[in-house]
Amino acid sequence: MRIGLIARAEIARGLAIQSKNFYDHLPVDSVLLVEMPKPDCDLGLDWYREDHTLRVPYNDFDHTLPEEAVRGWLDGLDVVFTVETPYDWRLPNWAREAGVKTVVQGNPEFYRKHLASHAHQANPDEWWWPTSWRPIRELPQGAIMPVPMDRVHRAVPPSETLELLHVVGKRAWMDRNGTDTLLTAMRAILRPVRLGLHALENDIMDLPRQRRVTYDVVTQPVVDRWSMYEGRSVLVLPRKYGGLCLPAPEAAASGLAVLMPDISPNHELASILTPIGGVRPTNLACGLADIARINPHTLAMQLSQITDEEWVRAQQQSWDTVPTWDEWAPRYMEE
């Protein structure tokens with residue numbers, strides 16, 4: 001079976017990291033490397049073997065790829081895998097004409113093919129979903145295929161000063177990762193914490209001054225993203241919606257406890273859940289979806305009151321339950 005991978009190479013973007021993980025763990029025969037016109041971080045130019053890689057430019061005006069080059073790349077493949085998008089929704093039909101199957105591991109919040117404006121676009125042969133989250137009833141059925149990790153322990157046990165990590169990433173609609181919520185919660189924290197904040201841009205709101213809180217702020221992408229998890233005990237991610245948050249399984253594979261709101265699909269990603277104050281139906285790209293309401297004071301009290309023993313148990317749960325490539329690579333191949 002000859003597997004083609006549609007990939008990206010930005011070192012700090014989720015789509016690129018997911019495609020690189022796939023490349024590293026499955027027998028990819030050929031890579032179609034999509035080059036964005038204005039990448040917003042450094043590129044992993046050595047991620048993919050040059051002799052197995054075709055670089056193609058992405059046209060961000062009409063959202064297309066060069067047809068002749070892509071059709072040539074498809075020739076001789078059996079199946080093509082891509083994360084979220086093929087970058088040109090004509091590609092699934094080009095693949096069918098070449099006798100090639102296509103698989104998209106989708107992000108439900110960006111699914112729009114049920115809308116009149118996107119109904120003309122082709123579907124892949126299969127949709128895979130990284131979690132069970134189904135924000136809209138129109139979401140196509142598909143296998144639940146988590147994004148696996150390799151375990152390497154980087155966490156520290158909780159101590160007098162609790163080592164917290166929050167990954168801001170690229171800011172998204174409605175404070176998706178809960179950065180503003182978490183920083184507001186820091187005003188009411190009752191135990192000493194050191195909060196590490198990693199962002200792609202310098203757009204973090206003012207850091208609350210609080211004698212119990214110290215901050216480590218990084219506003220540039222790190223070449224080794226695993227270094228974010230070194231020396232931390234807990235990933236705090238008050239994420240309000242979304243199907244996959246890549247830092248959650250990364251943190252779990254690093255041995256951190258993972259704290260997220262009690263809303264789907266976070267029971268699949270977190271080892272401790274934060275109570276929510278209901279939901280707010282909000283229009284996303286896919287349509288009307290439930291967005292978690294998170295009370296910063298509730299979050300602050302939870303972070304203050306969880307005992308070190310409970311944090312240690314949560315760290316072990318993260319480590320024990322994170323999907324790993326040892327288990328999931330054969331399942332990917334079977335699918």
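Two strands pair if DSSP finds at least two bridges between them, and strands here are DSSP runs of E at least two residues long, with helices as runs of H or I at least four long, each numbered from the N terminus. You have a predicted model open, where local features need pLDDT of at least 70, side-chain atom pairs count only at pLDDT 80 or more, and totals for chains, interfaces and linings use all residues. Residues are numbered from 1 along each chain as its sequence is written, and side-chain values use heavy atoms, with hydrogens and water left out.

**Stop 1: a hairpin**

Select residues 279–284 and 287–292. These are strand 14 and strand 15, an antiparallel pair with six bridges. Two residues make the hairpin connection from strand 14 to strand 15. Now click Arg-280: its bridge partner in strand 15 is Ile-291.

**Stop 2: the open sheet**

Next, colour the seven strands that form an open sheet; the order is 3-2-1-4-5-6-7 and the pairing is parallel. Which strands stand at the edges? They are strand 3 (53–57) and strand 7 (143–144), each with a single partner strand, so one side of each has no neighbour in the sheet.

Zoom in on strand 4 and strand 5 (residues 101–105), which run parallel and are joined by five bridges. Pick Val-83 and you'll find Gln-105 of strand 5 opposite. Then bring up helix 2, which packs on the sheet and touches strands 1, 2, 3 and 4 (contact being heavy atoms within 4.5 Å). The direction of helix 2 makes about 165° with that of strand 2; axes are lines fitted to C-alpha atoms, for helices over the stretch in contact, with angles from 0 to 180 degrees between N-to-C directions.

**Stop 3: the nonpolar cores**

Time to show side chains. A nonpolar core here is a set of buried Ala, Val, Leu, Ile, Met, Phe, Trp, Tyr and Cys residues joined through side-chain atoms within 4.5 Å. Buried means under 20% relative accessible area, exposed over 50%, and partly exposed in between, using a 1.4 Å probe and protein chains only.

The largest core has 42 residues, and those with the most contacts inside it are Leu-5, Ile-6, Phe-22, Tyr-48, Leu-65, Leu-74 and Tyr-332. Elements that each supply at least two of its residues include strand 1 (3–7), helix 1 (14–25), helix 2 (67–74) and helix 8 (325–334). Strand 2 gives the largest share, five residues.

Centre on Phe-22. Beyond residues up to four places away in sequence, Phe-22 touches Ile-3, Leu-5, Val-28, Phe-81, Trp-325 and Tyr-332. For a second selection, try Ala-199, Val-213, Val-236 and Leu-299, which are among the 26 residues of another core, apart from the largest one.

**Stop 4: rings**

Rings of Phe, Tyr and Trp (its six-membered ring) pair if their centres lie within 6.5 Å; planes under 30 degrees apart count as stacked, over 60 as edge-to-face and the rest as tilted. That rule gives 13 aromatic pairs.

Stay on Phe-22 and add Tyr-332: the ring centres are 6.2 Å apart and the planes are at 50°, so this pair is tilted. Phe-22 is in helix 1 and Tyr-332 in helix 8, so the pair ties together parts 310 residues apart in sequence. Buried or exposed? Phe-22 counts as buried at 5% relative accessibility, and Tyr-332 counts as buried at 5% too.

Next, select Tyr-58 and Tyr-87, whose centres are 6.0 Å apart with planes at 80°, so the pair is edge-to-face. Tyr-58 sits in the loop between strand 3 and helix 2, and Tyr-87 in the loop between strand 4 and helix 3. Tyr-58 is buried at 13%, as is Tyr-87 at 6%.

To see a whole cluster, show Phe-22, Phe-81, Trp-128, Trp-325 and Tyr-332 together.

Two charges are worth a click as well. A charge sits over a ring if NZ of Lys or CZ of Arg is within 6 Å of the ring centre and within 35 degrees of the ring normal. Lys-113 has its charged end over the ring of Trp-89, 3.3 Å from the centre, while that of Arg-151 is over Trp-319, 5.6 Å from the centre.

**Stop 5: two residues to finish**

Trp-129 is in strand 6 (residues 126–129) and is buried, at 2% relative accessible area. Its contacts beyond four places in sequence include Gly-106, Pro-108, Tyr-111 and Leu-139.

Last, Leu-43 lies in the loop between strand 2 and strand 3 and is partly exposed, at 40%. Beyond four places in sequence, Leu-43 is in contact with Ala-9, Glu-10 and Ile-11.
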